[in-house]
Amino acid sequence: MNTLGWTRRALIAAATATMSFGGPALADGHQVLDSIHFVIPGGAGGGWDGTARGTGEALTESGLVGSASYENMSGGGGGVAIAYMIENAESLDDTIMVNSTPIVIRSLTGVFPQSFRDLTLVAGTIGDYAAIVVPTSSEVGSMEDLLAAYQEQGADFAIGGGSVPGGMDHLVAAMVMQAAGEDPTAVNYIPYDAGGEAMAGLLSGEIDALSTGFSEAIALADQGEVRILGVSAPERVAAFDEAPTFMEQGIDTTFVNWRGFFAAPGLPEERLKQFQDAIAAMYDTEAWETVRARNGWVNIHNPGDDFRAFLEAQEQEIGDLMRTLGFL
């Protein structure tokens, strides 16, 4: 089986009552944080955007944070936001940046010169499965139909994604096609700068199918705009259980994309621990479960050194896979 993922770690669910971030502790041990500012490396509507805003929603609704603000900073496959965090480090002690598997992939491929090692690692927080979708107006109704159309049209059949060639959405599409018996390097992949732009390209007819995050696919499927052909989960996901897995359609592949948060380099240890304590406490709140279930995310929690060890292992695993597929 072609699998790229992690062993789920036990959740660290409680923060100590002695930690604070500009506000008093509540009676149940949770903290009131004055504010957090989220930097989002892509445009509105993508997976990074949804993760940052969903996390901010849970933190504020639960009372862990007084207010949350958001700044979309597209460009360079995420490189513009990373450079901003590094270049303005001294003034960003209230700021965390969301990112995910692409920070590993794009560093490996040289899309930007930095890597996760150039930032302060806060925590991995959730996982999101991948999906292949088509517009509801498409005649393609299943992965079998998609493969038939691909075999008939060849390079004229375009699959898009919200990442650069060789990026995560491209990698997922190649993995799926390889598992289906096709040449993964022959896929006509059309890149977009973020998930929202890729969805617009799909709905306007620029591409035939889209490789995207499952949470993004759910949002448009609920609106009746796309049909989810396959999900990279080992079994159907309760958040949208009408969507079939690739596995049940005879395509032997699974994948889950982590998402998490980074701070500027040189962040004081005390402030880092405050960020980490707020995120750890978030998992115990009803507000977080509402956000998580709505998006079909998998709970993970890899703070600090555990996050670093996970990223280093994934860097090796993804690098090996990309070399196998000819992307490196």
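**Briefing: cores and helix α9**

Leaving aside its neighbours within four places in sequence, L311 touches V104, F116, L121, W258 and F262, where contact means heavy atoms within 4.5 Å. This is a predicted model, in which local features need pLDDT of at least 70 and side-chain atom pairs count only at pLDDT 80 or more, while totals for chains, interfaces and linings use all residues. Residues are numbered from 1 along each chain as its sequence is written, and side-chain values use heavy atoms, with hydrogens and water left out.

**Nonpolar cores**

- The largest nonpolar core (buried Ala, Val, Leu, Ile, Met, Phe, Trp, Tyr and Cys residues joined through side-chain atoms within 4.5 Å) has 51 residues, and those with the most contacts inside it are I103, L146, L171, W258, F262 and L311.
- Its largest share, eight residues, comes from α5; helices here are DSSP runs of H or I with at least four residues, and strands are runs of E with at least two, numbered from the N terminus.
- Domain 1 (32–126 + 258–322) and domain 2 (128–255) both contribute residues, so this core lies between them; the bounds come from an automatic or database domain assignment.
- A second, separate core of 29 residues includes L33, L64, I279 and M282.

**Helix α9**

- In α9 (residues 286–295), A287, W288, V291, R292 and N295 are buried, that is, under 20% relative accessible area with a 1.4 Å probe and protein chains only.
- These residues lie on the same side of α9, because they cover an arc of only 130° around the axis, taken from the directions from the helix axis to the C-beta atoms.
- The buried residues of α9 pack against α1 (47–61), β5 (120–135), α7 (214–222), α8 (269–282) and β11 (298–303).
- Just after α9, G296 adopts a positive phi of about 70°.

Key
Buried means under 20% relative accessible area, exposed over 50%, partly exposed in between (1.4 Å probe, protein chains only).
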